[in-house]
Amino acid sequence: MPDPGGARRSATAESPPAPAGPARSAGKPARRAPAKSAPRSARAGAPRQAPRRRAPGGPAKGAPSVAVVGAGAFGGWLALWLCRRGARVTLVDAWGAGNSRSSSGGETRVLRAVYGRDRLYTEWVARALELWLDADARWGRRLFQPTGALWLFQGDDTYARASLPLLAAAGLPAAELDLETAAARFPEVSFAGVGSVFYEERAGYLAARRACRAVADAVAAAGGEVREAAVTPGAISRQARAGRGEMSPLRLSDGGRLAADLYVFACGPWLGGLFPELLGPCLHVTRQEVFYFGTPAGGGARFGDAALPVWLDVGERIFYGIPGNHARGFKVADDTRGEAFDPTAGERVPSSAALERARGYLARRFPGMAGAPLLESRVCQYENSRDGQLVVDRHPEAANVWLLGGGSGHGFKLGPALGEYVAELILAGGDPHPELALARFARAGAAAPTTQFTAGARRR
């Protein structure tokens with residue numbers, strides 16, 4: 001999982017992007033035809049290592065300059081779309097794309113489109129899937145693995161049931177399965193205690209760390225500059241511009257400064273710490289533990305991604321898992337929010353209590369994996385917004401600063417579509433969708449934090 005410190009990669013030529021379509025409204029992604037499967041190369045390995053530099057040609061003289069802080073799923077894809085829109089882009093990250101401290105690091109992430117009543121996210125997933133498949137074909141790497149997604153509900157299933165018409169409208173087939181059909185189709189799963197089951201056909205999982213590094217390479221290939229350095233925000237002046245001041249150049253850990261026309265902070269679990277007064281009350285970081293168990297010898301036919309889909313099990317706690325994982329093991333994770341965590345200095349040693357919960361869950365839901373050995377574990381973090389929704393907005397005191405975050409454990413898959421949306425938004429100077437803007441936190445007052453699962457089920 002770690003991205004070696006100081007490692008840099010050469011830019012490989014990227015085929016020309018499709019022409020940009022007409023401008024779309026700020027609040028909603030464009031409706032597009034369902035994506036079709038794209039051919040994939042067998043080359044799925046990590047990018048080659050070499051010094052990074054700007055690609056020849058690059059943006060036109062006079063193009064706006066944008067500094068993007070954070071090379072995870074949000075910042076990386078945003079930087080790439082800005083390059084494709086002709087901006088002069090610098091992408092900077094303290095430890096490099098896909099590093100093991102980041103929320104976008106790690107082996108795999110789920111791609112699913114069931115989002116309760118949150119139409120915006122379902123439509124973004126449809127667009128993101130199209131773009132992930134395009135990236136596979138364009139870069140010759142398999143970043144998306146289609147498996148389908150199995151949703152198990154031990155109680156209220158509003159979250160999935162309310163999503164079905166939105167999925168159909170987005171061209172993403174999904175259906176409820178009766179328990180008998182589900183048990184026959186997935187014999188390795190025990191459906192004890194399950195009240196309802198839904199199957200999402202076009203879901204799967206993404207190669208997270210590989211994808212972050214591939215996107216950073218594409219930024220360099222498209223004319224952007226990719227740097228490894230920690231960033232301190234510049235001072236905000238009081239000189240009014242559109243009713244706001246402006247941020248001065250960023251200070252870098254190597255002693256330099258980075259000046260740009262626009263600054264975008266998309267630095268995941270570090271975002272709240274960079275702007276504590278503004279974002280501290282809105283964002284909180286939690287410790288999350290993930291375990292990889294060993295399947296029986298030759299067990300891929302029963303427990304691999306050719307036999308099992310990704311799954312999400314919604315009960316008193318929400319467990320999810322991913323089979324296959326590029327032969328890393330049978331992934332089991334508890335989505336329940338953990339305790340507060342420091343993403344820079346926090347020790348990433350798994351707890352015995354979390355391991356026992358994962359073992360107990362695995363034995364109950366996948367009896368053939370009972371007693372399986374632990375192969376690997378990972379402690380990562382979620383950067384949670386108070387309502388589980390993303391954050392996309394200008395800094396209220398700096399007209400040249402945008403803030404992008406609040407992944408809340410579900411954001412990785414959205415990266416390509418979110419980056420496309422935000423690139424068009426900030427270059428055109430539009431207003432963000434109200435559900436993503438910072439003003440919503442003032443309206444919510446002191447309401448207790450919630451997750452996207454809860455919010456998506458309740459939303460009307």
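A residue is called buried here when its relative accessible area is under 20%. By that criterion, 14 of the 14 residues of helix α6 are buried, so α6 is largely enclosed by the rest of the structure. The model on display is predicted, and the tour below begins with its overall composition before returning to that helix.

**The whole chain**

Display the full protein as a cartoon. The protein holds 13 helices and 20 strands. Of its 460 residues, 56% are buried. Among the contacts with a separation of 6 or more, 78% are between residues 24 or more positions apart.

**The three-stranded sheet**

Select residues 108-111, 144-146 and 204-207, which are β3, β4 and β8. These three strands form an open sheet in the order β3-β8-β4, with antiparallel pairing. β3 and β4 are the edge strands, each of them paired on one side only. From one strand to the next, the twist averages 30°.

Next, restrict the view to β3 and β8. These strands run antiparallel and are joined by four bridges. Thr108 may be picked as an example: its bridge partner in β8 is Ala207.

Now add residues 119-139, helix α2. This helix packs on the sheet and touches β3, β4 and β8. The direction of α2 makes about 110° with that of β4.

Add also residues 208-221, helix α6, which packs on the sheet and touches β3 and β8. Its direction makes about 50° with that of β8. Which span does α6 reach from its first C-alpha to its last? With 14 residues, α6 reaches 20 Å, close to the 20 Å expected at 1.5 Å a residue. After the helix comes Gly223, whose phi is positive, near 105°.

**The six-stranded sheet**

Turn to the sheet with the order β9-β2-β1-β13-β20-β19. This sheet is open, has six strands and shows mixed pairing. Select residues 225-228 and 391-395 to find its edges: β9 and β19 each have a single partner strand, so one side of each is left without a neighbour in the sheet. On average, and with direction ignored, neighbouring strands of this sheet are turned by 20° against each other.

Two pairings within the sheet merit a separate look:

- Strand β13 (residues 262-265) and strand β20 (residues 398-405) run parallel and are joined by three bridges. Phe265 has Leu403 as its bridge partner in β20.
- β1 and β2 pair in the parallel sense over five bridges. Val69 has Val92 as its bridge partner in β2.

Then select residues 73-84, helix α1. It packs on the sheet and touches β1 (65-69), β2 (88-93), β13 and β20. The direction of α1 makes about 165° with that of β2. Is β2 mostly covered or mostly uncovered? Strand β2 is mostly covered, with five of its six residues buried.

**Aromatic pairs**

Show the side chains of Phe, Tyr and Trp. The structure holds 20 aromatic pairs. A pair of aromatic rings is described by the distance of the centres and the angle of the planes.

Select Trp151 and Phe453. Their ring centres are 6.3 Å apart and their planes stand at 70°, so the pair is edge-to-face. The pair links distant parts of the chain, 302 residues apart: Trp151 belongs to strand β5 (residues 149-153) and Phe453 to helix α13 (residues 452-458). Both Trp151 and Phe453 are buried.

Move on to Phe303 and Phe330, an aromatic pair that is edge-to-face, with 6.1 Å centre to centre and 90° between the planes. Phe303 lies in helix α9 (residues 300-303) and Phe330 in strand β17 (residues 330-334), so the pair ties together parts that are 27 residues apart in sequence. Both Phe303 and Phe330 are buried.

Return to Trp151 and add Phe153, Tyr159, Phe198 and Phe453 to the selection. Ring pairs link these five residues into a cluster.

**Charges over rings**

For the last stop, select Arg112 together with Tyr115. The charged end of Arg112 sits over the ring of Tyr115, 4.2 Å from its centre. Then select Arg185 and Tyr199: here the charged end of Arg185 sits over the ring of Tyr199, 4.2 Å from its centre.

How values were computed:
Residues numbered from 1 in each chain as written. Predicted model: local features only at pLDDT ≥ 70, side-chain atom pairs only at ≥ 80, totals over all residues. Heavy atoms only, no water. Pairing = 2+ DSSP bridges. Axes fitted to C-alpha atoms, helices over the stretch in contact; angles between N-to-C directions. Contact = heavy atoms within 4.5 Å. Phe/Tyr/Trp six-rings, centres within 6.5 Å; stacked < 30°, edge-to-face > 60°. Buried < 20%, exposed > 50% of the residue type's maximum accessible area, 1.4 Å probe, protein only. Lys NZ or Arg CZ within 6 Å of the ring centre and 35° of its normal. Expected span 1.5 Å × (residues − 1).
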